[in-house]
Protein chains: 4
Amino acid sequence: MFETDDRRLARWEQRAEWPLTALAVVFLLVYGWQVLDNRATSGLHQVLEVVLWLVWLVFAVDYAVRLKLAVDKRKFLLTHWFDLLAVLLPMVRQLRVLRLISVLKVLNRRIAGNFRQRVGVYAAGITLLVGVCASLAVLDAERNHPDATITTFGDAAWWTLTTISTVGYGDRYPLTWEGRLVAALLMIGGIALLGVITGTIASWLVERMSGVEDSVADAEQATLAELRLVRAELAELREELRATKT
Amino acid sequence: MFETDDRRLARWEQRAEWPLTALAVVFLLVYGWQVLDNRATSGLHQVLEVVLWLVWLVFAVDYAVRLKLAVDKRKFLLTHWFDLLAVLLPMVRQLRVLRLISVLKVLNRRIAGNFRQRVGVYAAGITLLVGVCASLAVLDAERNHPDATITTFGDAAWWTLTTISTVGYGDRYPLTWEGRLVAALLMIGGIALLGVITGTIASWLVERMSGVEDSVADAEQATLAELRLVRAELAELREELRATKT
Amino acid sequence: MFETDDRRLARWEQRAEWPLTALAVVFLLVYGWQVLDNRATSGLHQVLEVVLWLVWLVFAVDYAVRLKLAVDKRKFLLTHWFDLLAVLLPMVRQLRVLRLISVLKVLNRRIAGNFRQRVGVYAAGITLLVGVCASLAVLDAERNHPDATITTFGDAAWWTLTTISTVGYGDRYPLTWEGRLVAALLMIGGIALLGVITGTIASWLVERMSGVEDSVADAEQATLAELRLVRAELAELREELRATKT
Amino acid sequence: MFETDDRRLARWEQRAEWPLTALAVVFLLVYGWQVLDNRATSGLHQVLEVVLWLVWLVFAVDYAVRLKLAVDKRKFLLTHWFDLLAVLLPMVRQLRVLRLISVLKVLNRRIAGNFRQRVGVYAAGITLLVGVCASLAVLDAERNHPDATITTFGDAAWWTLTTISTVGYGDRYPLTWEGRLVAALLMIGGIALLGVITGTIASWLVERMSGVEDSVADAEQATLAELRLVRAELAELREELRATKT
């Protein structure tokens with residue numbers, strides 16, 4: 001069984017859950033600080049950068065440990081290709097912004113665990129989180145472009161809002177390809193989120209239908225049990241009749 | 001029981017329902033007058049402003065009374081945090097526009113009460129109401145900005161329409177941050193409305209499914225009752241047979 | 001009964017159906033000719049205008065006849081308020097474009113009758129029809145505005161497409177208030193169409209559920225009938241037993 | 001029977017499936033090469049063009065063979081009108097871009113066959129494919145227009161993304177009518193895809209409901225069988241009683 005073989009992996013994942021969540025929050029705060037603090041000296045800037053890379057390193061180590069603990073390594077690689085990409089791609093300097101993906105994955109798992117049953121709260125929470133990350137990332141990517149229309153966090157938040165609601169006035173939009181990558185992830189993420197919500201509603205309907213099925217099955221079971229009692233009674237009656245005959 | 005303990009709260013809410021609805025309509029009319037009447041003397045303007053603040057005060061008093069009447073005050077604060085925000089935030093002069101939120105909440109309850117069963121009418125009514133409020137609010141926020149593209153009520157209504165339908169041509173959009181706050185609330189409100197409608201349809205489907213469940217349960221009940229009659233008949237037959245034997 | 005009392009109304013509606021559909025098609029063709037034929041002499045233009053007003057007059061007469069034939073006139077006015085508006089509003093010269101609403105209502109009924117069961121075909125057909133009408137109407141409204149961005153039918157069709165898909169690039173948009181009225185109706189119509197499709201799917205699901213309910217009821221009926229046969233058999237057996245005893 | 005008569009057609013379609021898929025991939029690669037390789041000599045360009053026309057010719061021949069093999073030719077023409085259009089329209093030089101439609105149809109069938117049950121993967125795959133095709137096609141159509149805003153593949157991909165997500169900033173949009181045709185197909189395709197996904201979820205729900213129906217029917221069948229056994233037992237009992245009597 002998968003559950004038996006990968007017990008060590010599961011144990012690791014359970015233990016690593018809280019530390020990783022904490023690290024994800026740290027990453028988000030430090031990243032936000034780095035992006036928003038214009039007056040930071042280049043020294044402070046570099047310190048923060050080091051912290052971010054350290055957090056990323058922990059995420060990479062977590063992936064490596066999980067791969068090592070997995071019994072069927074090929075299967076692990078296939079089912080966790082997205083995790084691998086989210087760890088490897090940010091090594092390219094231009095794709096630094098993708099480090100946020102790992103952070104979002106970890107935080108998403110926590111929010112999902114707490115609120116999946118309340119679809120509305122879950123959707124609101126994860127949307128807010130994605131929105132904040134996208135605003136920070138697009139600001140980071142855009143603000144040094146000479147013709148940039150997104151130069152403050154307010155601009156970035158406004159752009160995120162018009163994009164995620166698909167209104168798209170076109171008063172602000174990314175010009176750099178890193179910014180466009182953020183936009184692409186934001187749009188795809190929005191669609192994926194919608195898919196999650198639709199799927200949750202659909203599976204909830206199906207669960208209710210299984211309830212109908214079960215209640216029908218239960219009622220039928222009771223009827224069948226009753227019928228069998230009747231048949232047994234009949235058989236006994238016949239026995240008695242035979243006894244009378246002789 | 002919650003229902004027993006909070007009987008006084010419920011009685012207050014029932015009694016306050018009509019007066020609050022009337023006040024909400026008054027607020028909307030006075031606010032509309034204030035925003036649309038360009039030629040109003042500054043004196044009239046201030047009279048209208050006083051009326052608006054008085055209505056807001058009544059809403060605040062209503063919240064305070066409800067909090068006082070609630071038995072479990074902590075629970076009331078937690079479940080009514082949105083009401084508290086809607087009452088407190090407008091005290092900041094810049095966030096005056098948020099006074100409309102309380103108004104919308106009161107009017108929404110009334111529309112929902114009357115039309116929830118007819119989803120289409122409810123959605124149309126609340127969308128119209130939100131649209132009018134958003135148009136007034138964005139006009140109020142934008143028209144004094146030097147580069148404003150929204151300077152008449154016609155512009156504001158057109159902007160609201162292109163935003164709520166997510167078309168977003170980008171010929172008009174808010175520039176002030178108050179205007180963008182209105183835009184954010186409009187976009188979030190539109191998504192929430194969609195959620196309400198989807199939820200209503202889903203819960204209607206589930207209700208129908210419960211109907212199936214109930215009808216199955218009823219039919220099974222009839223079958224079981226019939227079966228028990230058969231078993232009783234059999235038992236009596238056996239008794240008679242025994243009587244014959246002796 | 002409504003069906004008995006309003007038999008004359010129903011008969012009229014049935015008889016008027018084909019002629020009205022034909023007139024609607026004529027209106028659409030003549031309107032399209034008038035809008036698209038730039039080189040038409042002012043004389044021809046006026047002839048076409050007369051034809052359009054005549055068709056509108058027939059629609060108005062149809063409404064009057066239906067009102068006269070209705071037994072409960074107040075109820076007819078209430079349930080057909082939209083028809084009345086669609087007939088009265090175009091009398092204002094500026095709202096001429098609303099004549100297309102009556103045309104769309106008549107043609108929609110025909111398409112719905114043929115294709116409601118095939119949701120996809122119905123949606124495609126009515127969307128195409130609405131799109132052509134909106135393109136003609138917006139071109140009619142916009143092309144004489146000095147800063148108009150919609151001046152050819154190609155522009156108008158492209159604008160309709162970007163609007164109905166809610167993409168809204170903002171390269172073309174209406175400037176006149178008649179054009180914006182067309183845009184508003186197009187956006188609302190698009191949402192309404194989506195509602196019709198969602199509703200059709202939901203009601204189809206409910207129908208299937210009723211099928212489950214019916215099949216369960218049938219099966220239960222068979223079981224109950226069988227059980228009653230068993231009980232009758234038992235009763236007869238008892239009778240025979242009694243006959244034996246004596 | 002249709003299945004018996006059109007056995008030869010079905011056999012042809014089965015045999016042609018893999019070669020056509022391979023040709024579709026070849027077409028896509030060659031088309032991409034032709035569009036993206038700016039430095040290609042006009043000689044190479046013409047070679048690639050010849051390859052594209054040859055692939056198109058094979059698609060046309062496939063249609064002709066299928067029409068010839070079909071028993072009821074009129075029915076085949078009616079049910080495959082879209083295939084005919086997709087083969088004939090590209091003959092007009094201006095509509096060359098429509099050759100991609102046939103390619104998409106063939107590849108879609110393959111993706112659908114493999115992933116229809118996993119709606120998410122199917123939707124992602126076909127969206128990616130449509131997106132790449134639309135980007136290539138719009139770049140092909142636009143880049144020679146003097147005022148074009150879409151002049152590189154990056155621009156085209158960005159435009160495709162903002163269009164398919166209906167954000168539509170309006171920073172880039174097609175100006176040529178070939179480009180607008182691509183945009184129209186992209187928008188319609190996006191809506192159609194949404195329809196496919198909604199339909200798949202709905203039909204999955206209905207399937208589950210049929211499951212309920214079947215399980216109910218099975219349970220009822222078991223009850224009925226049991227009841228018939230009871231009745232048989234009773235009949236036998238009566239027989240025995242009669243034997244006792246005599």
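# Helices and a loop, question by question

Tutor: Let's begin in the loop between helix H8 (153–164) and helix H9 (177–245) of chain A, where A:Thr166 is found. Keep in mind that this is a predicted model.

Student: What makes the phi of A:Thr166 worth pointing out?

Tutor: Its sign, given the residue type: phi is positive, about 60 degrees, although A:Thr166 is not a glycine. Chain C has a case to look at too: C:Thr166 sits in the loop between helix H8 (153–164) and helix H9 (177–245) of that chain. Phi of C:Thr166 is near 55 degrees, again a positive value in a residue other than glycine.

Student: Why are H2(C) and H3(C) called roughly antiparallel?

Tutor: Start with the angle. The axes of helix H2 (residues 7–36) and helix H3 (residues 42–69) of chain C cross at roughly 165 degrees, and they come within 10 Å. Angles over 145 degrees count as roughly antiparallel, and therefore H2(C) and H3(C) get that label.

Student: Which hand does that crossing have, left or right?

Tutor: H2(C) passes H3(C) in a left-handed crossing. The residues of this contact divide into 19 nonpolar, two polar and five charged.

Student: Why is H7(A) called oblique to H8(A)?

Tutor: Same approach. The axes of helix H7 (residues 119–142) of chain A and H8(A) cross at roughly 125 degrees and come within 8 Å. Roughly perpendicular covers 65 to 115 degrees, and roughly antiparallel needs over 145. The crossing falls in neither class, and that makes H7(A) oblique to H8(A). As for the hand, this crossing is right-handed.

Student: How do you know that the buried residues of H5(C) line one face of the helix?

Tutor: First, who they are: in helix H5 (residues 81–88) of chain C, the buried residues are C:Asp83, C:Ala86 and C:Val87. Buried here means under 20% relative accessible area. Looking down the axis of H5(C), you find them within an arc of 95 degrees, so they line one face. There's a general pattern behind this: an α-helix has 3.6 residues a turn, so residues three or four places apart point the same way.

Student: What does UniProt say about chain A?

Tutor: Its unreviewed entry annotates "transmembrane region" at several stretches, including residues 18–36 and 119–139. In the model, residues 18–36 of chain A are 100% helix and 0% strand, with end C-alpha atoms 27 Å apart. Residues 119–139 of chain A are also 100% helix and 0% strand, and their end C-alpha atoms lie 30 Å apart. UniProt also places "domain: Potassium channel" at residues 149–206 of chain A, a span that is 72% helix and 0% strand.

Key:
Residues are numbered from 1 along each chain as its sequence is written. Chains are lettered from A and ligands numbered from 1 in the order in which they are written. This is a predicted model: local features need pLDDT of at least 70, side-chain atom pairs count only at pLDDT 80 or more; totals for chains, interfaces and linings use all residues. Side-chain values use heavy atoms; hydrogens and water are left out. Buried means under 20% relative accessible area, exposed over 50%, partly exposed in between (1.4 Å probe, protein chains only). Helices (H or I, at least four residues) and strands (E, at least two) are DSSP runs, numbered from the N terminus. The arc is that of the directions from the helix axis to the C-beta atoms. Axes are lines fitted to C-alpha atoms, for helices over the stretch in contact, and angles run from 0 to 180 degrees between N-to-C directions. Angles under 35 degrees count as roughly parallel, over 145 as roughly antiparallel, 65 to 115 as roughly perpendicular and the rest as oblique. A crossing is left-handed if the near helix is turned anticlockwise from the far one by less than a right angle, and right-handed if clockwise. Ala, Val, Leu, Ile, Met, Phe, Trp, Tyr, Cys and Pro count as nonpolar, Asp, Glu, Lys and Arg as charged, and the others, Gly among them, as polar. UniProt positions are given in the numbering used here, feature names are shortened, and annotations may be inferred rather than shown by experiment.
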